[in-house]
Amino acid sequence: MSEEIFDADQAIGFLKISRPTFARWLKSGKLQGFKVGKQWRFYRRDLVSFMESSGTDFVLLKKDFKESIKFFEEKLEKKGILDREERDAVSNVITSSDEKELLVKILAERLFLDSFTDKASDIHLEPLKDGLMVKYRIKGYVEDIKLLSPETGEELIIRLKHMADLEPDITEKVQSGKIMIETDKIIKGDNRFDVKLGIIPVIYGERLTMRIKSMEKAKAAVDQGLELLQFGKEDLEKVKEIFNKPFGLVIVTGTSGSGKTTTCHGALNYILKKTAGHANIMSLEESIEYPMKGISQIQVQPDGEGYYELLKGIMWHDPDVIFVGDVSDSKTARMISEIALTGHLIIVQLTSPDIFQSVDYLKNLGLEPYLLASILEGAISQRLVRKICEKCKEKFTPSTHVIEKYFSGHEHVSLYRGKGCSECHNSGYKGRTGIYETGIFDTELKEAIADGEDINKLKKVFQEKGFRSLREKAIDYVLSGVTTLEEALRVSY
Ligand SMILES: [Zn+2]
């Protein structure tokens, strides 16, 4: 009888282990194989005897999983999230032949539950020489939570990749994905979490960062419309005026992570409420983060002509207000200008540092200045700044050099900073708030745009009309003790 021979993939399937574990065992000589050319081959009998003789590896691996699960379950029990009965139920389940898969699944669940209840904003999985370090970012501060063994860590990463629909075998590439998690526990009024996951290869393997967002909480803020978005009173009036425009183009811009999507969603809800649901609002987004009642949200494929094709398609559906998540090509830009000219309000989200550069960006996409001037009604640019911790806030007098450079015209400048305390994990900051610059395009500003004025000239015209830039707004926040000078300089320029 001829001997059954497996190639590497078949052997991995047969042994039910991960590729990296397989490679490590092969390299260390634990696993017997032979080479045909450059390809590894394995006799079935060798694999079977390996499984029998080094059953200890599997036992050890299982022990390791169980120990890791126990670590998270004990934490959860202490927090009152899990009771002993539930823990026992879990350990009793583990009898099937797919034991390992089940264990990894439980480990991932426990890890998420633990991080959510610790109110972590991010989970970091960092490969070290001796294993995978689990870290949480809590209140802005990264903490080591648990070192998993290399094998357990590898299996966990494979599990997470599966959950995010990523290819587990790809290990040398930057990847990103998304995991939606519904827990059977209500954690701080929420049981749905949106986890964005990024993977990057580093020296000892793959590093994962997972950003956690509580869906209900984010949704609550959006549902309130604009009121909860922390606009100052003056800004709120202007922003409302912008979104009250019956037609034309409105730009919402900012650097990435500046909270502009939240502003856009808040605006759509504001319009929905204001029109008592009588407006037909359609939203084109690449990733639909929160479902919004009364608004048709359409998923856009990020590459290709997704926005353009959909914009062509939705006009037939008689929209009053259209939100466009991004504009990156001239075809889409032209389509937007046509829609704005025909009596619709179109809100466009762009990633650029300020209002002027977003106008410039649309010009570079081929919109003629006169056309832009005729459709542009309003623009908002924003940033998020960290707020000084109220518990450890202290006043200090900056150097004369700093005063001259940033606060010229002010006498007796006092600034604030956080000394660092347990409340803010010694960071001196707690919470964040938005800063906004707003522009409403009246006849004079439209003329300046139509004349094709450059950014500096445009800025000047704006300033003459009382426009205040993000930098100026940020400096206001510094003087009123909301944030530090460093933070203001970091987010505005
Ligand atoms: Zn503090």
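How many bridges join strand 10 to strand 15, and in which sense do the two strands run? Six bridges join strand 10 to strand 15, and the two run parallel. The model described here is predicted.

**The sheet**

Strand 10 and strand 15 belong to an open sheet of seven strands, in which the pairing is mixed. The order across the sheet is 12-11-13-14-10-15-18. Strand 12 (296-299) and strand 18 (429-440) form the edges, each pairing on one side only. From one strand to the next, the twist averages 15°.

**Strand 10 and its partners**

Strand 10 comprises residues 248-254 and pairs with strand 14, residues 345-351, in the parallel sense. Seven bridges connect strand 10 with strand 14. In the sheet order, strand 10 stands between strand 14 and strand 15. The table lists bridge partners for residues of strand 10.

| Residue | Partner | Strand of the partner |
|---|---|---|
| G248 | L345 | strand 14 |
| L249 | I346 | strand 14 |
| G254 | Q382 | strand 15 |

Thus G248 has its bridge partner L345 in strand 14, whereas the bridge partner of G254 is Q382 in strand 15.

**Burial and the covering helix**

Is strand 10 mostly covered or mostly uncovered? Strand 10 is mostly covered, with six of its seven residues buried. Helix 9, formed by residues 233-243, lies across strand 10, strand 15 (376-388) and strand 18. Relative to strand 18, helix 9 runs at about 50°. Strand 18, crossed by this helix, is also one of the edge strands of the sheet.

Terms used. Residues are numbered from 1 along each chain as its sequence is written. This is a predicted model: local features need pLDDT of at least 70, side-chain atom pairs count only at pLDDT 80 or more; totals for chains, interfaces and linings use all residues. Two strands pair if DSSP finds at least two bridges between them. Helices (H or I, at least four residues) and strands (E, at least two) are DSSP runs, numbered from the N terminus. Axes are lines fitted to C-alpha atoms, for helices over the stretch in contact, and angles run from 0 to 180 degrees between N-to-C directions. Two residues are in contact if their C-beta atoms, placed from the backbone, lie within 7 Å. A residue is buried if 20 or more other C-beta atoms lie within 10 Å of its own, exposed if 12 or fewer, and partly exposed in between; C-beta atoms are placed from the backbone.
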